Amino acid sequence: MADTADTRTPAEIEADIKRRRAVLAETLDEIGVRVHPKTIVGDAKARVASHVDHTLGRAYVGVNRVVSDVKVQFVDLNGAPRLERIVPAVVLVVGVAGLLALGSRRRRR
């Protein structure tokens, strides 16, 4: 068997114990901060805010893509309006609005 006798002096052992206590105290302080209710709530808020920002960013990109796609339908590459597409769209919108107004008027009577 190997010799497992401790060859440290009492002062070295005492210094080692003090160092280990300091490390343990630091670890306990870190654990205390992590499990503190304010820390838990703050972390939860940060996760929710990050998720909302991510979702809003994706929604913005999606809406921007749709708007760009619609704009391409009504404006040519030079930026000039495409009247052959705008006029029928306006007539359609006005017609639908007129039908809705008539339907609303008939219900009131």
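Here a trainee and a mentor talk through how a predicted model is described.

Trainee: What should I know before reading the values?

Mentor: This is a predicted model, in which local features need pLDDT of at least 70 and side-chain atom pairs count only at pLDDT 80 or more, while totals for chains, interfaces and linings use all residues. Residues are numbered from 1 along each chain as its sequence is written, and side-chain values use heavy atoms, with hydrogens and water left out.

Trainee: What is the average pLDDT of the protein?

Mentor: The average is 90, and 95% of the residues score at least 70; pLDDT is the predictor's confidence in each residue, from 0 to 100. Confidence is highest in helix H1, at 95, and lowest in helix H3 (residues 83-108), at a mean of 89.

Trainee: Why is the protein called more spread out than a compact globule?

Mentor: Start with its elements: the protein has 3 helices and 0 strands, where helices (H or I, at least four residues) and strands (E, at least two) are DSSP runs, numbered from the N terminus. The radius of gyration is 36 Å, well over the 13 Å that the globule rule gives for 109 residues, so the protein is more spread out than a compact globule. That radius is taken over C-alpha atoms, and the rule is 2.2 Å times the number of residues to the power 0.38.

Trainee: Why is Asp-16 called buried?

Mentor: Buried means under 20% relative accessible area, exposed over 50%, and partly exposed in between (1.4 Å probe, protein chains only). Asp-16 has 15%, so it counts as buried. Of the 109 residues of the protein, 1% count as buried.

Trainee: And what makes Arg-8 partly exposed?

Mentor: Arg-8 has a relative accessible area of 35%, which lies between the two cut-offs, so partly exposed is the right label.

Trainee: How do you know that Asp-16 and Arg-8 form a salt bridge?

Mentor: A salt bridge is a side-chain nitrogen of Lys or Arg within 4 Å of a carboxyl oxygen of Asp or Glu. For Asp-16 and Arg-8 the closest N and O atoms are 3.0 Å apart, so the pair qualifies.

Trainee: Which salt bridge does Asp-16 form with a residue of helix H1?

Mentor: Asp-16 also pairs with Arg-20, the closest N and O atoms being 3.3 Å apart. Both lie in helix H1, 4 residues apart, about one turn of the helix. Salt bridges that share partners join Asp-6, Arg-8, Asp-16, Arg-19 and Arg-20 into one network.
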